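Trainee: I'd like to go through this one with you and check what each label rests on. Can we start once it's on the screen?

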Amino acid sequence: MAFNRSIDRNRSSFRRKMTQDVEMKEQPVPAAPSNSTSSTTSVLQHLKEIAALIETGAYAREVRRILRAVRLTIALRKKLKASVVSSFLGFALAPGSEAHQRLSLYLPKDDQNDMEVDTASSATQATVKHSPEREIYCYLLVLIFLIDQKKYSEAKACSSASIARLKNLNRRTVDVLASRLYFFYSLSYELTGELSEIRGNLLALHRVATLRHDELGQETLLNLLLRNYLHYNLYDQAEKLRSKAPRFEAHSNQQFCRYLFYLGKIRTIQLEYTDAKESLLQAARKAPVAALGFRVQCNKWAVIVRLLLGEIPERTIFMQKGMEKALRPYFELTNAVRIGDLELFKTVAEKFSTTFSSDRTNNLIVRLRHNVIRTGLRNISISYSRISLADVVKKLRLDSPNPVADAESIVSKAIRDGAIDATLDHANGWMVSKETGDIYSTNEPQQAFNSRIAFCLNMHNEAVRALRFPPNSHKEKEGAEKRRERQQQEQELAKHIAEEDDDDF
């Protein structure tokens with residue numbers, strides 16, 4: 001009997017378990033959230049955190065927090081969508097405000113229904129007056145989104161409205177956001193081919209920034225004006241503006257690199273090749289690794305300037321990672337100048353004429369013809385102790401109505417300039433080369449060594465000036481909590497600087 005009771009109990013428990021399993025299987029499984037929805041929510045949450053960071057920086061008057069918010073925004077720009085930007089506008093601005101209505105008109109309407117606006121946040125925000133920093137940040141966010149979506153006409157209208165709003169604000173916490181707006185304001189007009197229309201506005205903004213002691217704004221606007229002038233080949237006006245602009249210590253490494261690049265281009269056109277070479281090489285060294293296009297342009301101009309100075313760039317310059325294809329025309333051009341072959345130089349100039357035209361280096365390459373002839377003459381003077389002018393014509397491949405007379409004038413000019421150490425025998429039509437002396441008996445090694453020492457000392461002085469020390473660091477002791485917070489901020493800042501996408505280049 002006991003055995004039968006245990007069997008019945010086991011059967012009943014087994015039936016109850018099976019019934020529970022069936023009920024559990026029949027329950028509907030909740031649907032997992034899609035990746036697109038979760039990513040959109042995360043981007044919106046990041047934007048809200050950035051807005052809170054801007055509010056904190058504006059309240060505490062800490063410009064570094066606002067600068068960090070701008071860097072975080074640049075890192076998020078590839079993930080922005082119209083629905084996300086629209087939802088953030090509803091969170092950051094009062095829905096009935098003029099700024100919200102104006103900015104909402106620039107956004108496309110087809111993607112607005114992908115995500116609903118947080119009604120609780122909107123209702124709360126409607127009763128709170130937004131700060132000017134948050135409003136300017138909304139202008140910047142919408143402008144970045146429109147440019148990335150290639151809606152250039154809407155971006156131009158949005159940038160003009162943002163500049164009109166900025167003219168009424170005189171707050172130091174807005175300066176960082178204003179400098180970025182100036183850049184995208186110029187970029188939107190450049191993309192639409194109407195860059196000359198805003199030159200007067202940029203000059204007026206630069207004057208206002210100077211009166212307000214907005215040094216970051218002055219730095220940005222000066223570079224934009226130089227770019228505006230150089231875009232239309234107005235080098236004299238660019239040099240006049242640069243020489244009369246107020247001097248101050250650079251605040252942004254990117255802006256300082258752009259200034260050095262524009263200065264190098266101006267110096268190159270003005271035949272000041274030594275100063276141009278120094279500026280261009282310094283801009284290429286200081287540029288961030290992510291700014292590949294900017295570094296390529298700096299190296300292109302630096303190669304041309306070094307060739308005009310009679311130098312031959314090292315082969316490693318053309319083999320840098322990511323630059324081999326872009327610098328290939330200049331590598332072949334350098335090879336033609338190094339050999340001193342005039343025919344090969346003409347072939348390379350014709351082969352890559354479209355590339356040189358797009359880089360705006362055609363007029364500089366025309367100047368290189370004389371350097372090619374001079375290099376060929378130097379090779380001839382080293383190889384031959386005496387050679388006739390007719391043979392010089394054949395080796396240089398001169399094509400002119402009277403090649404012997406032209407060769408004689410070219411040789412005489414090279415002798416006068418000190419390019420070659422030789423004499424002309426007019427009676428016999430010969431070029432007689434002198435014996436090459438020991439270079440170490442001259443002052444040339446000392447000059448080269450002195451230039452290297454000066455470069456190292458200059459780099460050391462710049463590194464010392466770039467160091468930042470907190471005020472009264474020797475008097476105040478930092479607490480453990482403040483130290484942890486500072487270290488965390490420094491780590492995040494270093495991470496975002498390393499991942500920063502430098503589209504302004």
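**Labels and cut-offs**

Mentor: Searching the whole structure turns up zero disulfides. Before you dig in: this is a predicted model, where local features need pLDDT of at least 70, side-chain atom pairs count only at pLDDT 80 or more, and totals for chains, interfaces and linings use all residues. Residues are numbered from 1 along each chain as its sequence is written, and side-chain values use heavy atoms, with hydrogens and water left out.

Trainee: How do you know that Cys 298 is not bonded to Cys 257?

Mentor: A disulfide is a covalent bond between the sulfur atoms of two cysteines. The search asks for a pair of cysteine sulfur atoms within 2.5 Å. The closest cysteine sulfur to that of Cys 298 is in Cys 257, 7.6 Å away, so that is too far for a bond.

Trainee: What makes Cys 298 buried or exposed?

Mentor: Relative accessible area decides: under 20% is buried, over 50% is exposed, and partly exposed is in between (1.4 Å probe, protein chains only). Cys 298 has 1%, so it counts as buried. Cys 138 has 0%, so that cysteine is buried too. In the protein chain, buried residues make up 41% of the 505 residues.

Trainee: Why is Val 176 called buried?

Mentor: Its relative accessibility is 4%, so Val 176 counts as buried. It lies in helix α9 (residues 175-191); helices here are DSSP runs (H or I, at least four residues), strands are E runs of at least two, and both are numbered from the N terminus. The whole chain has 24 helices and three strands.

Trainee: What does Val 176 touch beyond its sequence neighbours?

Mentor: Contact means heavy atoms within 4.5 Å. Not counting residues up to four places away in sequence, Val 176 touches Val 63, Ile 66, Leu 67, Val 70 and Leu 216. The C-alpha atoms of Val 176 and Arg 64 are separated by 9.0 Å, although the two are 112 residues apart along the chain. For the chain as a whole, among contacts between residues at least 6 apart in sequence, 68% join residues at least 24 apart.

Trainee: What makes a set of residues a nonpolar core?

Mentor: The members are buried Ala, Val, Leu, Ile, Met, Phe, Trp, Tyr and Cys residues, joined through side-chain atoms within 4.5 Å. The largest such core has 127 residues, and Leu 47, Phe 88, Leu 103, Val 142 and Phe 345 touch the most other members. Helix α7 (residues 132-148) gives the most to this core, with twelve residues. Leaving out residues up to four places away, Val 142 touches Val 85, Leu 89, Leu 103, Tyr 106, Leu 107 and Cys 158.

Trainee: Arg 68 has a charged side chain group by name, so let me ask: is Arg 68 buried or exposed?Mentor: Go by the value: Arg 68 has 17% relative accessibility, so it counts as buried. Arg 68 lies in helix α3 (residues 63-76). Apart from neighbours within four places in sequence, Arg 68 is in contact with Leu 53, Gln 489 and Glu 492.

Trainee: How do you know that Arg 165 and Glu 135 meet in a salt bridge?

Mentor: The rule wants a side-chain nitrogen of Lys or Arg within 4 Å of a carboxyl oxygen of Asp or Glu. The N to O distance for Arg 165 and Glu 135 is 3.0 Å, and their side chains meet in a salt bridge. Arg 165 lies in helix α8 (residues 152-166) and Glu 135 in helix α7, so the pair ties together parts that are 30 residues apart in sequence. Arg 165 has 24% relative accessibility, so it counts as partly exposed, while Glu 135 is buried at 8%. The structure holds 13 salt bridges.

Trainee: What links Glu 239, Arg 242, Arg 267 and Glu 272?

Mentor: Those four are linked in a network of salt bridges. Within it, Glu 272 forms a salt bridge with Arg 267, with the closest N and O atoms 3.2 Å apart. Glu 272 is partly exposed at 32% relative accessible area, whereas Arg 267 counts as buried at 13%.

Trainee: Last one. Why is Phe 449 called exposed?

Mentor: Its relative accessible area is 56%, so Phe 449 is exposed. Phe 449 lies in helix α23 (residues 444-466).
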